Amino acid sequence: MLIKMIKRLTKSKNPDSKSYRWDMARAICGQHIKYVTERQDDVEVVIGKNGGLNIRNDEFIVYASADVIFRCRVDELQASELLSKDGVVLTGPDLEHGGVERTIIAFYVYYRK
């Protein structure tokens, strides 16, 4: 109980810090994805379905439709959960596509808790 309180009090609140980015990546790692979208020319386009979020070798990986959709170093990843907690917005240089800065939205599979 005391350890949880200490972790909560020492948790970084600055979204630009490495510790905040790592905390956020760990919090969403392991989530199952229903689908992933990306805004292209003011239209939301579904770029993948049925996948998950993982961390491997200091990189955050989004895979869907049996492919890696997005891969970014955790230190450069900006992640924020949707207000509904149904998904997450991920922004960063995508190593799968030559380091181009991309923003995608991954929607979680709904599980009743």
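# Group meeting: a walk through a predicted protein chain

Good morning. The accessible surface of this protein chain comes to about 7700 Å², and 53% of that area belongs to carbon and sulfur atoms. Please keep in mind that the structure on the screen is a predicted model.

I shall begin with the overall plan. The protein chain holds 2 helices and 7 strands. Read from the N terminus, the elements run α-α-β-β-β-β-β-β-β. Of the 113 residues in the chain, 35% are buried. Among contacts with a separation of 6 or more, 38% are made by residues 24 or more positions apart.

Let us turn to the sheet. A general remark may help here: strands of a sheet pair through backbone hydrogen bonds, either parallel or antiparallel. In what order do the 7 strands of this open sheet stand? The order is 4-3-2-1-7-6-5, and the pairing is antiparallel. Strand 4, residues 67-73, and strand 5, residues 78-81, stand at the edges; each has a single partner strand, so one side of each is left without a neighbour in the sheet. From one strand to the next, the twist averages 30°.

Two pairings deserve a closer look. Strand 6, residues 87-94, and strand 7, residues 100-108, run antiparallel and are joined by 8 bridges. Within this part of the sheet, valine 89 stands opposite isoleucine 105 of strand 7. Helix 2, residues 18-28, packs on the sheet and touches strand 2 (43-56), strand 3 (59-64), strand 5, strand 6 and strand 7. The direction of helix 2 makes about 50° with that of strand 5.

The second pairing is that of strand 5 with strand 6, which is antiparallel and extends over 4 bridges. Here serine 80 has valine 89 of strand 6 as its bridge partner. You will recall that valine 89 also stands opposite isoleucine 105. The hairpin of strand 5 and strand 6 has 5 residues between the strands, and in this hairpin lysine 85 takes a positive phi near 65°.

I now come to the interior. Which residues touch the most other members of the largest nonpolar core? They are Ile28, Val36, Leu53, Phe60, Val62, Val88 and Leu90, within a core of 21 residues. The elements giving two or more residues to this core are helix 2, strand 1 (32-40), strand 3, strand 4, strand 6 and strand 7. Helix 2 supplies the largest share, 4 residues.

Valine 88 serves as an example from this core. Leaving aside neighbours within four places in sequence, valine 88 is in contact with Ile28, Leu53, Ala79, Ser80, Glu81, Leu82, Ile104, Ile105, Ala106 and Tyr108. Two of these partners, Ile28 and Leu53, also appear among the core residues I named a moment ago.

Next, the charged side chains. How many salt bridges are there? The count comes to 8. I shall describe some of them.

One salt bridge joins the side chains of arginine 26 and aspartate 23, at 3.7 Å from N to O. These two residues are separated by about one helical turn, because they lie 3 residues apart in helix 2. Are they buried or exposed? Arginine 26 is exposed, with a relative accessible area of 52%, while aspartate 23 is partly exposed at 27%.

Another salt bridge brings together the side chains of glutamate 59 and arginine 71, at 3.0 Å from N to O. This pair links distant parts of the chain, with glutamate 59 in strand 3 and arginine 71 in strand 4, 12 residues apart. The relative accessible area of glutamate 59 is 18%, and the cut-off for buried is under 20%, so glutamate 59 counts as buried.

A further salt bridge connects the side chains of aspartate 75 and arginine 73, at 3.3 Å from N to O. Both count as partly exposed: aspartate 75 has a relative accessibility of 23%, and arginine 73 has 36%. In addition, Glu38, Asp94 and Arg102 are joined into one network by salt bridges that share partners.

I shall close with a loop. Where does alanine 66 lie? Alanine 66 is in the loop between strand 3 and strand 4. With a relative accessibility of 77%, alanine 66 counts as exposed. Its C-alpha atom is separated by 8.6 Å from that of glycine 48, and the two residues are 18 residues apart along the chain.

Thank you for your attention.

Notes. Residues are numbered from 1 along each chain as its sequence is written. This is a predicted model: local features need pLDDT of at least 70, side-chain atom pairs count only at pLDDT 80 or more; totals for chains, interfaces and linings use all residues. Side-chain values use heavy atoms; hydrogens and water are left out. Buried means under 20% relative accessible area, exposed over 50%, partly exposed in between (1.4 Å probe, protein chains only). Contact means heavy atoms within 4.5 Å. Accessible areas come from the Shrake-Rupley method with a 1.4 Å probe; for residues, only the protein chains shown count as cover. Two strands pair if DSSP finds at least two bridges between them. Axes are lines fitted to C-alpha atoms, for helices over the stretch in contact, and angles run from 0 to 180 degrees between N-to-C directions. A nonpolar core is a set of buried Ala, Val, Leu, Ile, Met, Phe, Trp, Tyr and Cys residues joined through side-chain atoms within 4.5 Å. A salt bridge is a side-chain nitrogen of Lys or Arg within 4 Å of a carboxyl oxygen of Asp or Glu.
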